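Biologist: I have a model open and would like to learn how to read its features one by one. Could you walk me through it?

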Amino acid sequence: MTPGAFVVVATTREVLDTPGLGPHLLAPWELRRLAAVRVPARADDVLAARLLLRLGAARATGRPPAAIGLAQRCPDCGRAGHGRPYLPAHPGLGVSVSHADGLVAAATAPGPVGVDVEPAARRPGPLPVLRRVLPGPDLREALAAPDPGAALLRAWVRAEARFKAGRPPPEDVHLKEWTDHGRAAVVAAATPTAAAEPVLLPPSALLGGPTAAGEP
């Protein structure tokens, strides 16, 4: 068991190439959702993200991945099957997941947690969308940076992580951000101040095998 809050970032291929991992670990409702994804690369991302989330929850609880029962519920409409993931058998453990173009990230924490990952080369926009998503001070600071595109991307992943954690007041949030140069990824995690500050673990912590050069 691993106490505290932690985040793991991996490529989709790293997860899907790990022996013993596959769709057999998903629940029937997850398999139905996966079958509805018509773009093969996106389906791989979804599968890898759900597998990585199970491995993170297994590390945090001490239970095998096959015994991790995931559920989702939308905080807006109250319906199950979509929205924020959670563990019915472990109500005190928060989980979050993200995937984007061959990258996946999963987070667990003793309380609410949000995680977001994006390719480091991505540039969010357009500006009207950014104004709706990003806090005003973050947007102005990013636009004034020497490399506004990269700064806007970092602000974007922080905002997404904060949203997934449940949007507590900014002063009540631990917000951490990392750049995984080996995987060309930018990732952020958010937890309330009552929870542990998140740390980044290497993929080998969940997937096994040797730690790759350049891993955090």
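Biologist: How much surface does the protein expose, and what share do carbon and sulfur atoms supply?

Modeller: Accessible areas come from the Shrake-Rupley method with a 1.4 Å probe, and for residues only the protein chains shown count as cover. The protein exposes about 10,300 Å², and 58% of that comes from carbon and sulfur atoms. Please keep in mind that this is a predicted model, where local features need pLDDT of at least 70 and side-chain atom pairs count only at pLDDT 80 or more, while totals for chains, interfaces and linings use all residues. Residues are numbered from 1 along each chain as its sequence is written, and side-chain values use heavy atoms, with hydrogens and water left out.

Biologist: What percentage of the residues count as buried?

Modeller: Buried means under 20% relative accessible area, exposed means over 50%, and partly exposed is in between (1.4 Å probe, protein chains only). Here 49% of the 216 residues count as buried.

Biologist: How many helices and strands are there?

Modeller: Both are DSSP runs numbered from the N terminus: helices are H or I with at least four residues, strands are E with at least two. The protein has seven helices and nine strands.

Biologist: Which strands make up the open sheet, and in what order?

Modeller: Two strands pair if DSSP finds at least two bridges between them. The order in this open sheet of three strands is S6-S8-S7, with antiparallel pairing. S6 (114-119) and S7 are the edge strands, each pairing on one side only. From one strand to the next, the twist averages 15°. Six bridges join S6 to S8 (residues 185-192), and Asp116 stands opposite Ala188 in S8.

Biologist: Which helix lies across S6, S7 and S8?

Modeller: For angles, axes are lines fitted to C-alpha atoms, for helices over the stretch in contact (heavy atoms within 4.5 Å); the angles run from 0 to 180 degrees between N-to-C directions. The helix is H6, running at about 150° to S6.

Biologist: How many salt bridges does a search of the whole structure find?

Modeller: Side chains of opposite charge can pair when their charged atoms come close. The criterion is a side-chain nitrogen of Lys or Arg within 4 Å of a carboxyl oxygen of Asp or Glu. The search finds twelve. In one of them, Arg158 meets Glu177 at 2.6 Å, N to O. Arg158 lies in helix H6 (residues 148-164) and Glu177 in strand S7 (residues 173-180), so this pair ties together parts that are 19 residues apart in sequence.

Biologist: Are Arg183 and Asp180, which meet in a salt bridge at 2.9 Å, N to O, buried or exposed?

Modeller: Arg183 counts as buried at 11% relative accessibility, and Asp180 is buried too, at 6%. For a contrast, take Arg13 and Asp17, whose closest N and O atoms are 3.3 Å apart: Arg13 is partly exposed at 43%, and Asp17 is exposed at 51%. A network of salt bridges links Arg13, Asp17 and Asp44.

Biologist: Which residues touch the most other members of the largest nonpolar core?

Modeller: A nonpolar core is a set of buried Ala, Val, Leu, Ile, Met, Phe, Trp, Tyr and Cys residues joined through side-chain atoms within 4.5 Å. The largest has 31 residues, and those touching the most other members are Val15, Leu21, Leu51, Leu52, Leu87, Val104 and Leu207. Helix H3 (40-61) gives the most to this core, with twelve residues. Apart from it lies another core of 15 residues, including Leu103, Val117, Ala185 and Leu200.
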